Amino acid sequence: MKFFIDTANLAQIKEAQDLGVLDGVTTNPSLMAKEGIKGQENILKHYVDICNIVTGDVSAEVIATDFDGMVKEGEALAKLHPRIVVKIPMIKEGVKAIKYFTEKGIKTNCTLVFSAGQALLAAKAGATYVSPFIGRLDDVSTDGLSLIEDIRVIYDNFGYETQILAASVRHPMHIIECAKIGADVATCPLSAITALLKHPLTDSGLAQFLADAKK
Ligand code: G3P
């Protein structure tokens, strides 16, 4: 399973890249705002800065919600760097835009997906990635992981190549369950990735080994 980091924070992206397990980055307008990145020029520069840290795909989201606007914005984003993936919301105009970019050979990530039907449409339009938001489903008492299971079954039934990118991942058990189900990618906060490292028996075992090595 690929690991993406879900942030626009350059220091965290670098830390994950340095760990050697990072396969890409996802961002969204809220994550950009959290880093205080304002103004079109600064936003575009920030995407390039991210691309220069990592070696994998970097999702950059369009703000427009009409087809022409999404095409214009997406084409400008795609020109920034070969690693850019155009992130497009799951709305009617978005499906048309995904189809357009697919035919142009530009990678897309269909975002804000909350149902299997939406994921099916994204795959039919040719999205490179589909982003089901599992944490936000859990937040409203719906099982986010069962959506990943449903999408996996549907995509495997028909051989869709769209990669399931589990998003709104909140903790390490989300990552482990996504790996068991067969999500292609999990995009996670750095804290969820580093939490995978931790086990008290590792810490106590290492302390014992180091103590014994001095004997
Ligand atoms: O990848 C989508 C993600 O940024 C949403 O996460 O935690 O805001 O639901 P969250």
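User: What makes the pair between serine 168 and the ligand a polar contact?

Analyst: An N or O atom in the side chain of serine 168 is 2.7 Å from an oxygen atom of the ligand. A polar contact is a pair of N or O atoms within 3.5 Å, so the pair counts. This is a predicted model, where local features need pLDDT of at least 70 and side-chain atom pairs pLDDT 80 or more, while totals for chains, interfaces and linings use all residues. Side-chain values use heavy atoms, without hydrogens and water, and residues are numbered from 1 along each chain.

User: Which distances put arginine 136 and asparagine 28 in polar contact with the ligand?

Analyst: For arginine 136, a side-chain N or O atom is 2.7 Å from a ligand oxygen. For asparagine 28, a polar side-chain atom lies 3.0 Å from a ligand oxygen.

User: How much of the ligand's accessible area does the protein cover?

Analyst: On its own the ligand has 310 Å² (Shrake-Rupley, 1.4 Å probe). The protein covers 82% of that.

User: What makes Phe133 and Ala167 residues around the ligand?

Analyst: A residue is near a molecule if one of its heavy atoms lies within 4 Å of it. Phe133 and Ala167 are listed around the ligand, as are Asp6, Asn28, Arg136, Ser168, Arg170 and Thr187. That shell divides into 2 nonpolar, 3 polar and 3 charged residues.

User: Why is the ligand said to sit in the largest pocket?

Analyst: A molecule sits in a pocket if more than half of its atoms lie within 2 Å of the pocket's grid points. The space taken by the ligand is the largest pocket.

Notes: A polar contact is a pair of N or O atoms within 3.5 Å; within protein, one must be able to donate a hydrogen and the other to accept it, and residues adjacent in sequence count only if both atoms are side-chain atoms. On a 1 Å grid over the protein atoms alone, a cavity is a set of points where a 1.4 Å probe fits but cannot get out, and a pocket is an open set with protein on both sides within 12 Å along at least five of seven lines; lining residues have an atom within 4 Å of a point. Ala, Val, Leu, Ile, Met, Phe, Trp, Tyr, Cys and Pro count as nonpolar, Asp, Glu, Lys and Arg as charged, and the others, Gly among them, as polar.
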